[in-house]
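Colleague: I would like to learn how to read this model feature by feature. Where do we begin?

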Amino acid sequence: MGYGHSDLVRPHVVEPVTLKILVAGGFGVGKTTLVGAVSEIRPLRTEELLTEAGRPVDDIAGVESKTTTTVAMDFGRITLREDLVLYLFGTPGQDRFWFLWDELATGALGAVVLADTRRLEDCFAAIDYFERRDIAFTVAVNCFQGADRYPEDSVRDALDLDPGTPVVLCDARERESVKHVLISVVEHAMLATAPRG
């Protein structure tokens, strides 16, 4: 039995480009929730229970119901298109775990800085980190229930951001909202790394 030409043709397989995106921000801002909302795999989480011993160093003001904290990272994956896969690395929010940030930031295309308008000052350190290392980032304001809503320009002014840094409003629990944030990061990072001239 012979084989026709069509039997020998293999379907074209697209090897996706994989990009690394960090998700950073203050303690209790919703980083683990954001990664979990959008990941197409079961997210890897390194959460531990908050303890009395950590009470002096973990400021839970504004997030009193928080019972766990990320101690290394969260990891998830999302396919934005057939040829584009994002690996998401959620950073720990407390200062004492920041030694991990340099390792997590290696090879990152860009970052999300998740912000809570009730505790906006908590994201200054993450913004400073990415600005100093020339890592493109988008500020995503997680719209918590009961938190005041502010226009994007007001948030930009309060955080003293460069005019080109995107600011978007989001709900870290909603997949489509998080996808919008991630697309903003990728687009901004691609523009920032494009050759000029």
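Modeller: With the secondary structure. This is a predicted model. The protein has 6 helices and 7 strands. Along the sequence they run α-β-α-β-β-β-α-β-α-β-α-β-α.

Colleague: What share of the residues is buried?

Modeller: Of the 197 residues in the protein, 45% are buried. The exposed surface comes to about 11,300 Å². Carbon and sulfur atoms supply 52% of that surface.

Colleague: And what share of the contacts comes from residues 24 or more positions apart?

Modeller: Take the contacts with a separation of 6 or more: residues 24 or more positions apart account for 72% of them.

Colleague: Give me pairs I can check on screen. How far apart in space are the C-alpha atoms of G25 and A125?

Modeller: They are 8.0 Å apart, with their positions 100 residues apart in sequence. G25 lies in strand β1. G25 is buried, because its relative accessible area is 4%. Now try A115, in strand β5. The C-alpha atoms of A115 and V141 are separated by 4.7 Å, although the two are 26 residues apart along the chain.

Colleague: Is A115 buried or exposed?

Modeller: Buried, with a relative accessible area of 0%. Leave aside neighbours within four places in sequence, and A115 is in contact with V29, L120, C123, V139, A140, V141 and N142.

Colleague: How should I read the nonpolar residues?

Modeller: In soluble globular proteins, nonpolar side chains tend to be buried together. Here the largest nonpolar core has 26 residues. Those with the most contacts inside it are I21, L86, L88 and L182.

Colleague: Which elements give two or more residues to this core?

Modeller: The strands are β1, β3, β4, β5, β6 and β7, and the helices are α2 and α6. The largest share, 6 residues, comes from α6. Apart from this core lies another, of 25 residues, with A24, F75, L120 and L159 among them.

Colleague: What does L88 touch?

Modeller: Not counting residues up to four places away in sequence, L88 touches I21, V35, V38, D74, F75, G76, I78 and L182.

Colleague: Now helices. How do I tell which way a residue points?

Modeller: Start from the repeat. An α-helix has 3.6 residues a turn, so residues three or four places apart point the same way. In α2, residues 31-38, the buried set is K31, T32, L34, V35 and V38. They lie on the same side of α2, because they cover an arc of only 165 degrees around the axis.

Colleague: Which residues of α5 are buried?

Modeller: V155, R156 and L159. Their arc is only 100 degrees around the axis, so they sit on the same side of α5. D153 and D157 are exposed on the other side. The cover over the buried residues of α5 includes α4, β6 and β7.

Colleague: What is the span of α6, and which of its residues are buried?

Modeller: Helix α6 covers residues 175-193, 19 in number. From first C-alpha to last it reaches 27 Å, close to the 27 Å expected at 1.5 Å a residue. Its buried residues are S177, V178, V181, L182, S184, V185, V186, H188 and A189.

Colleague: How do I read backbone angles?

Modeller: Look at the sign of phi. Most residues other than glycine have a negative phi, and most peptide bonds are trans. D134 has a positive phi of about 55 degrees although it is not a glycine. D134 is in the loop between α4 and β6. It counts as exposed, because its relative accessibility is 74%.

Colleague: Which residue just after α5 takes a positive phi?

Modeller: D160, at about 55 degrees. D160 is in the loop between α5 and β7. At 65% relative accessibility, D160 counts as exposed.

Colleague: One loop residue to finish. Where is T117 found?

Modeller: In the loop between β5 and α4. T117 counts as buried, because its relative accessibility is 18% and the cut-off is under 20%. The T117 side chain reaches the backbone oxygen of D148 at 2.9 Å. Beyond its neighbours within four places in sequence, T117 is in contact with V141, A147, D148 and Y150.

Key
Residues numbered from 1 in each chain as written. Predicted model: local features only at pLDDT ≥ 70, side-chain atom pairs only at ≥ 80, totals over all residues. Heavy atoms only, no water. Helix = DSSP H or I, 4+ residues; strand = E, 2+ residues; numbered from the N terminus. Expected span 1.5 Å × (residues − 1). Buried < 20%, exposed > 50% of the residue type's maximum accessible area, 1.4 Å probe, protein only. Contact = heavy atoms within 4.5 Å. Areas by Shrake-Rupley, 256 points an atom, 1.4 Å probe, with all protein chains shown as cover. Arc of directions from axis to C-beta. Polar contact = N/O pair within 3.5 Å; in protein donor to acceptor, adjacent residues only side chain to side chain. Core = buried A, V, L, I, M, F, W, Y, C linked by side-chain atoms within 4.5 Å.
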